[in-house]
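Here are my notes for you, point by point. Keep the 3D view open while you read and click on each residue as it comes up.

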Amino acid sequence: MSPFKEDGLVWMNGRLVPWKEATIHVASHCVHYGSSVFEGFRAYETARGSVIFRLDAHIRRLFHSCKIYRMDIPYSQEQFNAAVIQTIRANKLKSCYVRPLVYRGYTSLGVDPFPNPVDCSILVWEWGQYLGPEAMENGVDVCVSSWARMAPNTFPALAKTGANYMNSQLIKMEALKNGYSEGIGLNVRGHVSEGSGENIFLVKDGTLLTPPLSCSILPGITRDSVMIFAGEMGLPVVESTIPREMLYIADEVFFTGSAAEITPIRSIDRIPVGSGKRGPVAAELQERFFAYVNGRRPDTHRWLTLIEW
């Protein structure tokens with residue numbers, strides 16, 4: 001079942017349009033050549049109102065992705081931030097998922113993207129737990145995918161692009177068809193990279209491990225937040241190349257992401273991770289994360305943007 005109610009408004013190139021009218025032409029460059037860049041993040045309802053988690057960081061990454069692909073956004077970051085807030089307010093959603101999208105539109109076809117306009121849109125909708133409501137406590141069963149992440153100097157992993165997620169789809173479909181909730185991609189050298197749409201962390205002997213940017217990972221905003229929370233907990237954090245077999249002997253493994261938030265992994269390739277359930281580090285990080293985004297902890301990092309209704 002579609003999560004979309006289809007009765008809301010979509011921001012497109014500076015104006016709000018009805019959901020079903022938010023369309024593009026079939027000849028648009030992005031449809032044929034994957035020339036789209038996007039972001040994903042959440043707004044949460046709190047006692048003092050709705051807040052967007054790390055809006056500035058996400059829009060900054062959107063602009064960085066566009067810079068890599070030579071796409072000149074016809075708006076400033078401040079204007080894009082304001083458009084996100086406008087779209088959430090127009091749809092009257094107290095909590096929601098936000099999807100800004102920048103794409104090459106319709107003028108001509110051919111690999112050369114430059115003749116085509118750079119168009120922008122923002123979608124918002126209500127979206128629950130990405131890997132299921134029970135996943136936060138019980139964890140999920142995942143596999144190591146036979147599909148590798150893109151090699152360096154092929155597709156830039158630091159850019160969040162639609163084309164990159166064709167690789168993610170292969171990882172995800174293989175996992176689902178084999179009875180798992182998610183897959184883990186290895187990099188071209190066979191080291192742990194990330195999930196189809198999530199960063200990954202391991203806990204081993206009191207240290208939090210995560211692959212570095214050089215392992216073809218997206219520089220996740222939730223990943224960065226978790227590393228900061230871990231530092232506040234006094235937990236050492238190491239960005240390190242991680243061999244595949246470390247997944248099987250880790251004390252804990254969990255995913256992070258704007259959609260997945262912090263989701264424990266209970267088994268990998270049918271091998272239980274640790275005790276086979278959510279571990280204490282993931283549990284404490286979840287508590288800190290949700291207390292922060294739900295307004296139960298002070299906004300010490302200035303990560304929350306209040307939406308004034």
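1. Let's start with a pair of charged residues: are R149 and E194 buried or exposed? Both R149 and E194 turn out to be buried. Keep in mind that this is a predicted model. The two side chains form a salt bridge, and their closest N and O atoms are 2.6 Å apart. R149 sits in the loop between β8 and α5 (164-177), while E194 belongs to strand β10 (residues 192-195), so the salt bridge ties together parts that are 45 residues apart in sequence.

2. Now try another pair, R61 and E39. Their side chains meet in a salt bridge at 2.7 Å, N to O. R61 is in helix α2 and E39 is in the loop between β3 (36-38) and β4, so this pair ties together parts that are 22 residues apart in sequence. Have a look at the surroundings too: R61 and E39 are both buried.

3. Next up is R266 with D141, a salt bridge of 3.0 Å from N to O. It links distant parts of the chain, since R266 is in strand β15 and D141 is in strand β8, 125 residues apart. How covered is R266? With a relative accessible area of 30%, R266 counts as partly exposed, because that class runs from 20% to 50%.

4. How many salt bridges does a search of the whole structure find? The search finds 13. Some residues join up in a network of salt bridges: E232, E284, R288 and R297. Try showing those four side chains together.

5. Strand β15 deserves a stop of its own. It covers residues 261-268, and seven of its eight residues are buried. Strand β8 (residues 140-144) runs parallel to β15, joined to it by three bridges. Here you meet D141 again, standing opposite S267 in β15.

6. β15 also pairs with strand β14 (residues 252-257), this time in the antiparallel sense and over five bridges. To find your way, look for G257 opposite E261 in β15. β14 and β15 make a hairpin, with three residues between them.

7. Then there is strand β16 (residues 271-272), which pairs with β15 in the antiparallel sense over two bridges. I268 has I271 in β16 as its bridge partner. β15 and β16 form a hairpin too, with two residues between the strands, and in that hairpin D269 takes a positive phi near 55 degrees.

8. Go back along the chain to strand β4 (residues 41-46), where five of the six residues are buried. Which strands does it pair with? One partner is β6 (residues 96-104), antiparallel to β4 over three bridges, and there F41 has V98 as its bridge partner. Another is β5 (residues 49-53), also antiparallel, over four bridges. Y44 stands opposite V51 in β5, and β4 and β5 form a hairpin with two residues between them.

9. Which residues touch the most other members of the largest nonpolar core? They are F80, V84, I88 and V102, out of 26 residues in that core. The elements giving two or more residues to it are β4, α2 (55-68), α3 (77-91), β6 and β7 (118-125). Of these, α2 gives the most, with five residues.

10. Helix α6 (residues 221-232) has twelve residues and reaches 17 Å from first C-alpha to last, close to the 16 Å expected at 1.5 Å a residue. Its buried residues include I221, V226, M227 and F229, with T222 and R223 also among them. Just after the helix, check G234: it takes a positive phi of about 80 degrees.

11. Last, turn to the surface. I68, Y69, F155, L158 and L213 form a nonpolar patch there, with about 430 Å² of accessible area together. You'll find L213 in the loop between β12 (207-210) and α6. Why is L213 called partly exposed? Because its relative accessible area is 38%, which falls between the 20% and 50% cut-offs.

Terms used
Residues are numbered from 1 along each chain as its sequence is written. This is a predicted model: local features need pLDDT of at least 70, side-chain atom pairs count only at pLDDT 80 or more; totals for chains, interfaces and linings use all residues. Side-chain values use heavy atoms; hydrogens and water are left out. The expected span of a helix is 1.5 Å times one less than its number of residues. Buried means under 20% relative accessible area, exposed over 50%, partly exposed in between (1.4 Å probe, protein chains only). Two strands pair if DSSP finds at least two bridges between them. Patches are made of residues with over 30% relative accessible area and no salt bridge: like charges are joined within 9 Å, nonpolar side chains (Val, Leu, Ile, Met, Phe, Trp, Tyr) within 5 Å. Accessible areas come from the Shrake-Rupley method with a 1.4 Å probe; for residues, only the protein chains shown count as cover. A salt bridge is a side-chain nitrogen of Lys or Arg within 4 Å of a carboxyl oxygen of Asp or Glu. A nonpolar core is a set of buried Ala, Val, Leu, Ile, Met, Phe, Trp, Tyr and Cys residues joined through side-chain atoms within 4.5 Å.
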